[in-house]
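Visitor: Can you walk me through this model? Keep it quick, please.

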Amino acid sequence: MRAEGVECVQIRLSPLAAHPVLGVPLAELHGNVIALDDLWGRDTQRLRERLHHARTWPERFALIDTELFTRLHAGRVVDPEVAWAWRQIVASHGRAA
C-alpha cells in the first residue's frame with residue numbers, strides 16, 4: 001500500500017503460521033489492533049530500519065520473507081489438532097463443520 005508519505009506491506013498469515021510467527025495465541029489478538037512492536041519488541045525497530053534503507057521493493061520483500069521464515073521456524077509448534085482442522089477447512093473450501 002502506498003499513500004502520501006506512507007508505505008506499508010500487508011501480510012496475511014494462515015492460522016498455522018500466525019501463532020509461531022507472531023508469538024502469541026490468536027485468541028489474544030481477536031478483535032484487537034496490536035502494534036507489531038508490542039509483539040516483537042526491539043526486533044520491530046531493527047526490521048523497520050532495514051526496510052527503510054532497502055532501495056527496492058524486491059529487497060524489502062526479501063527482508064520480510066527472511067524475517068517471517070526465521071520466526072516461523074523458531075516459533076512454537078502448532079497443535080496437531082489445529083493443523084488437522086485447518087487442513088479440513090481448506091480442503092472443503094470452508095464447508096467443513
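Guide: We can take confidence, one helix pair, the core and a few single residues in turn.

Guide: This is a predicted model, where local features need pLDDT of at least 70, side-chain atom pairs count only at pLDDT 80 or more, and totals for chains, interfaces and linings use all residues. Residues are numbered from 1 along each chain as its sequence is written, and side-chain values use heavy atoms, with hydrogens and water left out.

Visitor: What does the chain average in pLDDT?

Guide: The average is 89, and 98% of the residues score at least 70. pLDDT is the predictor's confidence in each residue, from 0 to 100.

Visitor: Where is confidence lowest, and where highest?

Guide: Strand E1, residues 2-3, is lowest at a mean of 67. Helix H4, residues 57-74, is highest at 94. Helices (H or I, at least four residues) and strands (E, at least two) are DSSP runs, numbered from the N terminus. Where pLDDT is low, don't read the predicted coordinates in detail.

Visitor: On to packing. At what angle do H1 and H4 pack?

Guide: About 90°, with the axes 7 Å apart; H1 covers residues 15-22. So H1 is roughly perpendicular to H4. That label covers 65 to 115 degrees; under 35 is roughly parallel, over 145 roughly antiparallel, and the rest oblique. Axes are lines fitted to C-alpha atoms, for helices over the stretch in contact, and angles run from 0 to 180 degrees between N-to-C directions.

Visitor: Which residues meet there?

Guide: Ala-17, Pro-20 and Val-21 from H1 meet Leu-68, Arg-71 and Leu-72 from H4. Contact means heavy atoms within 4.5 Å. The residues of this contact comprise 5 nonpolar, no polar and 1 charged. Here Ala, Val, Leu, Ile, Met, Phe, Trp, Tyr, Cys and Pro count as nonpolar, Asp, Glu, Lys and Arg as charged, and the others, Gly among them, as polar.

Visitor: Is H1 mostly covered or not?

Guide: Mostly covered: 6 of its 8 residues are buried. Buried means under 20% relative accessible area, exposed over 50%, partly exposed in between (1.4 Å probe, protein chains only). The buried ones are Ala-17, Ala-18, His-19, Pro-20, Val-21 and Leu-22. Their cover includes helix H2 (36-40) and H4.

Visitor: And what follows H1?

Guide: Gly-23 does, with a positive phi near 85°.

Visitor: Which residues form the largest nonpolar core?

Guide: There are 9: Ala-18, Val-21, Leu-22, Val-24, Leu-29, Trp-40, Leu-47, Ile-64 and Leu-68. H1 gives the most, 3 residues. A nonpolar core is a set of buried Ala, Val, Leu, Ile, Met, Phe, Trp, Tyr and Cys residues joined through side-chain atoms within 4.5 Å.

Visitor: Pick Ala-18. What is it in contact with?

Guide: Leu-13, Gly-23 and Leu-26, leaving aside neighbours within four places in sequence. Ala-18 counts as buried because its relative accessibility is 5%. Ala-18 and Val-78 are 60 residues apart in sequence, yet 9.5 Å apart in space, C-alpha to C-alpha.

Visitor: Same question for Ile-64: what does it contact?

Guide: With neighbours within four places in sequence left out, Ile-64 is in contact with Val-9, Ile-11 and Leu-51.

Visitor: New topic. Is Thr-44 buried or exposed?

Guide: Buried, because its relative accessibility is 3%. Thr-44 lies in helix H3, residues 42-53. Thr-44 touches Leu-36 and Asp-37, not counting residues up to four places away in sequence.

Visitor: Last one. What is the phi of His-93?

Guide: Positive, about 55°, although His-93 is not a glycine. His-93 lies in the segment after helix H5 (80-91). At 64% relative accessibility, His-93 counts as exposed.
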